[in-house]
Amino acid sequence: MEENASLLVVVDAANVVGSVPDGWWRDRRGAAERLRDRLAADGVPGRSGPVEVVLVVEGAARGVESVAGVRVESAPGSGDDHIVELVARTAVGRPVLVVTADRGLRRRVTELGAQVAGPRTVRPG
């Protein structure tokens, strides 16, 4: 792994947004935009050094725009599959942290060498 490689933080937007019952289901795109804006403003608490944040959106949240500090990727199909593909492309030579509570996704990305953290990492309950 490169000594100065920035940490890539991949956030499963649907899973993180869905972790707090705050009415997100009425406006999935708006909920994803609020998460994006929180990530852009606050970064990833507890992580120092250079961090690149990628927010993966799917379904009704597709089309959310990237902003300074947060790249948004719209999954063409399954958000989980897109996250796994992203980790597979990136995890060699670079530390990767995937933020999700989805057990199946956590297993798939740890098999590729990524670390995992729960939604509260970026969205306190």
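Me: What is the expected span of a helix, and how do you know that H2 agrees with it?

Reply: The expected span of a helix is 1.5 Å times one less than its number of residues. In this predicted model, H2 has 15 residues and should therefore span 21 Å. Its end C-alpha atoms are 21 Å apart, which agrees.

Me: What makes Leu-35 one of the buried residues of H2?

Reply: Buried means under 20% relative accessible area. Leu-35 is listed as buried, together with Gly-30, Ala-31, Ala-32, Arg-36 and Leu-39 of H2. The buried residues of H2 pack against S1, helix H1 (13–17), S2 and S3.

Me: How do you know that strand S1 and strand S2 pair?

Reply: Two strands pair if at least two bridges are found between them. Strand S1 (residues 7–12) and strand S2 (residues 51–57) are joined by 6 bridges, so the criterion is met. The two strands run parallel, and Val-10 has Val-54 in S2 as its bridge partner.

Me: Why are S3 and S5 called edge strands?

Reply: The open sheet has 5 strands in the order S3-S2-S1-S4-S5, with parallel pairing. Strand S3 (70–74) and strand S5 (115–117) each pair on one side only, and they are the edge strands. From one strand to the next, the twist averages 25°.

Me: What makes up the helical layout across the sheet, in the case of H2 and H4?

Reply: Helix H2 (residues 28–42) lies across S1, S2 and S3, at about 175° to S2. Helix H4 (residues 103–110) lies across S1, strand S4 (96–99) and S5, at about 155° to S5. Just after H2, Gly-43 takes a positive phi of about 65°.

Methods: Residues are numbered from 1 along each chain as its sequence is written. This is a predicted model: local features need pLDDT of at least 70, side-chain atom pairs count only at pLDDT 80 or more; totals for chains, interfaces and linings use all residues. Side-chain values use heavy atoms; hydrogens and water are left out. Helices (H or I, at least four residues) and strands (E, at least two) are DSSP runs, numbered from the N terminus. Axes are lines fitted to C-alpha atoms, for helices over the stretch in contact, and angles run from 0 to 180 degrees between N-to-C directions. Contact means heavy atoms within 4.5 Å. Buried means under 20% relative accessible area, exposed over 50%, partly exposed in between (1.4 Å probe, protein chains only).
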